[in-house]
Amino acid sequence: MSEHLSKINYCQIVEYSLDPVIIHTELKIIYINHAAETFFRTTKEEVIGLSPLDIFQDFSKAAIEKRIQSAYEIPMPVIEETVYRMDGTTVDIALYCHPAPLGKQRAIQSIVWDITARKENEKKQKQMLKQINELSATLVPFSNEISVLPLVGAIDEARASQLLDDIPIKVQKQRIQCLIIDFSGTFNLDSLVADTLFKIVHVMSLLGVRSVITGLRPELAKLAVEQGFNLSSTHSMATVKDAIGYFQGS
């Protein structure tokens, strides 16, 4: 096996790799493959001898230089950075560095992957989640005085905290006097999230707003008891219809 491996031309393998590869030593680039030329919109002749730090933003350079010094000895974990191409445009990359000794000379091989598409998808997902969370904090008016807060889907700590921040403001702005908090569409609530949601009831009380909880599932009611939540002063009813009848009749 070792005899066969010794005959492999690794320089040619790296040159034909689809992943951009940069080899550098003592903060000087000594080689880039064809994929790196294409990715960074440059040529070998233009970058040989330049510093690998030149592609990084100024605030990242100190950390990258420290990372490079460590990479002479051991492979470094993959990190994500925004770097410059030679035409001045920026691109998001994942970066992996590892030792690549050239005889007795220390060197590092850096491999980069374009993660622009993934970053764009993550950004879109965050925007969508933000819009969903904003919609989930929408108060549905039943009358001038009564509104319903329908809690729908999985609610995590961040979403529950946002509800606690947003709902009191909306209640005051819309001059709501009676609020129905409907849990019938929720699932997967942990104790911390449930605690935050139940706090909305207490905040409503401090604002002089009458509130009723509806659609409380057996498992959530059990969780409230197990966690010691004080719901003695909180009205709880089976359905939104029941709560509306309660407010209209009182």
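Is T214 buried or exposed? Here are some notes to help you find your way around the model, starting with that residue.

1. **T214.** At 0% relative accessibility, T214 is buried, because the cut-off for that label is under 20%. Please keep in mind that this is a predicted model. T214 sits in strand β9, which covers residues 210-214. Setting aside neighbours within four places in sequence, you will find T214 in contact with I180, I181, D182, F183 and S184, and also with M237, A238, T239, V240 and A243.

2. **The chain as a whole.** The protein chain holds ten helices and ten strands. Of its 250 residues, 38% are buried. Looking at contacts with a separation of 6 or more, 58% are between residues 24 or more positions apart.

3. **The largest nonpolar core.** In soluble globular proteins, nonpolar side chains tend to be buried together. Here the largest such core has 24 residues, and I167, L179 and L197 are the ones that touch the most other members. Two or more residues each come from β7 (146-154), α7 (157-173), β8 (178-187), α8 (191-206) and α9 (218-226). Helix α8 makes the largest contribution, with seven residues.

4. **A second core.** There is also a separate core of 22 residues, and I32, V47, I64 and V91 are among its members. I64 is worth remembering, as it returns in the next point on helix α5.

5. **Helix α5.** This helix has 14 residues and spans 20 Å from its first C-alpha to its last, close to the 20 Å expected at 1.5 Å a residue. Its buried residues are S60, I64, R67, I68 and A71. An α-helix has 3.6 residues a turn, so residues three or four places apart point the same way. With that in mind, try looking at the elements that cover the buried residues of α5, which include β1, β3 (79-84), β4 and β5.

6. **The largest pocket.** Rolling a probe the size of a water molecule over the atoms shows where empty space is left. The largest pocket encloses about 270 Å³. Its lining has 23 residues, with I22, I29, S51, P52 and I55 lying nearest the centre. Elements giving two or more residues to this lining are β1 (21-25), β2 (28-32), α5 (58-71), β4 (90-99) and β5 (108-114). Helix α5 appears again here, since the largest share of the lining, three residues, comes from α5. By class, the lining residues are 16 nonpolar, four polar and three charged.

7. **The second largest pocket.** This one has a volume of about 200 Å³. You can trace its lining through Y10, C11, V14, I23, Y31, H98, A100, P101, L102 and Q109. Helix α2 (residues 10-16) gives the most, with three residues. Eight of the lining residues are nonpolar and two are polar, with no charged residues.

8. **N144.** To finish, have a look at N144, in the loop between β6 (140-141) and β7. N144 has a relative accessible area of 73% and therefore counts as exposed, the cut-off being over 50%. Its C-alpha atom is separated by 7.2 Å from that of I176, although N144 and I176 are 32 residues apart along the chain.

Technical notes
Residues numbered from 1 in each chain as written. Predicted model: local features only at pLDDT ≥ 70, side-chain atom pairs only at ≥ 80, totals over all residues. Heavy atoms only, no water. Core = buried A, V, L, I, M, F, W, Y, C linked by side-chain atoms within 4.5 Å. Buried < 20%, exposed > 50% of the residue type's maximum accessible area, 1.4 Å probe, protein only. Helix = DSSP H or I, 4+ residues; strand = E, 2+ residues; numbered from the N terminus. Contact = heavy atoms within 4.5 Å. 1 Å grid on protein atoms, 1.4 Å probe; cavity = no way out; pocket = protein on both sides within 12 Å on 5 of 7 lines; lining within 4 Å. Points joined across faces, edges and corners; volume = space filled by probe spheres on them. Nonpolar A, V, L, I, M, F, W, Y, C, P; charged D, E, K, R; others polar. Expected span 1.5 Å × (residues − 1).
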